[in-house]
Each structure stands twice: as C-alpha cells, then as structure tokens.
Amino acid sequence: MLDGYVELMLEICCSTRESVRICGQEVPTEVVKSRFLKLNSEHIGYVMDSLKSNTAKIGNIKAYTLAALYNAPVTMGQYYTSLVSHDMAHGLLDG
C-alpha cells in the first residue's frame, strides 16, 4: 500500500502538466507537489487508516487516493478530534 502511495505522489511530483484534477477541480501541479512534499508518516498513516476503514465502493481508486493524500494535512486533525469526541461520548476513554 505504501509503495502505491509513493508511486502516485512521485508521478505527480514529476509531472509536466500544469494542473492535476483533485475532487473534480483543476489544482496547479506545483500546489499539489508542494503539499505532497510536506506529508509525513502521520499523514500517510491517517490515509492508510481511512482507506482501510472505508466500506463504500470506490470507482476510481487512483483519484480517491490522490484526493486523500492531498487533503490529509487539512483533514487529519479534524478526523482525530472527531474520533476522540465520539469515544468520550461513549465512555470508551475511561481509564
């Protein structure tokens, strides 16, 4: 799985196209490249966990993964905050 993520990010970082389609919108390739170069192991782990827990059928896995990687820096914190709130509401964090 990790090799696939690296290959996808490398493909974008080496691309000569002016833009990349992310979530139906054209985003300048340099913007996508910049965000990919800032990803760390926490972001990658978040994307892996998110894709593993997804139960919906994904029609275009490449586009879905590309969007997940691109959006990881801006969605990861909100995702984990939501999980903690859920666990606290259900008494799952009682020590």
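Buried means under 20% relative accessible area, exposed means over 50%, and partly exposed lies in between, with a 1.4 Å probe and protein chains only. The model is predicted, so that local features need pLDDT of at least 70 and side-chain atom pairs count only at pLDDT 80 or more, while totals for chains, interfaces and linings use all residues. Residues are numbered from 1 along each chain as its sequence is written, and side-chain values use heavy atoms, with hydrogens and water left out.

**Exercise 1. Lay out the elements of the protein in order.**

Begin with the count: the secondary structure comes to four helices and two strands, where helices (H or I, at least four residues) and strands (E, at least two) are DSSP runs numbered from the N terminus. Next, read from the N terminus on, which gives the order α-β-β-α-α-α. Then turn to the strands: β1 and β2 (residues 25-28) run antiparallel and are joined by four bridges, two strands being paired if DSSP finds at least two bridges between them. Finally, look at the link, since the two strands form a hairpin with two residues between them, and C23 in the turn has a positive phi of about 50°.

**Exercise 2. Decide whether A67 is buried or exposed, and find what it touches.**

First locate the residue: A67 lies in helix α4. Its relative accessible area is 11%, and therefore A67 is buried. Now search for partners, taking contact to mean heavy atoms within 4.5 Å; with neighbours within four places in sequence left aside, A67 is in contact with I22 and C23. As a last step, consider G24, which is 43 residues from A67 in sequence and 9.6 Å from A67 in space, C-alpha to C-alpha.

**Exercise 3. Work out which residues of α2 are buried and how they are arranged.**

The buried residues in α2 are T29, V32 and F36. Seen down the helix axis, these buried residues fall within an arc of 65°, so they line one face of α2; the arc is that of the directions from the helix axis to the C-beta atoms. The face turned away from this buried side carries the exposed residues E30 and L37.

**Exercise 4. Describe the largest nonpolar core.**

A nonpolar core is a set of buried Ala, Val, Leu, Ile, Met, Phe, Trp, Tyr and Cys residues joined through side-chain atoms within 4.5 Å. The largest one has 22 residues, of which Y5, I22, V32, F36 and L69 touch the most other members. The elements giving two or more residues to this core are α1 (2-13), β1 (19-22), α2 (29-37), α3 (41-53) and α4 (61-89), and the largest share, six residues, comes from α4.
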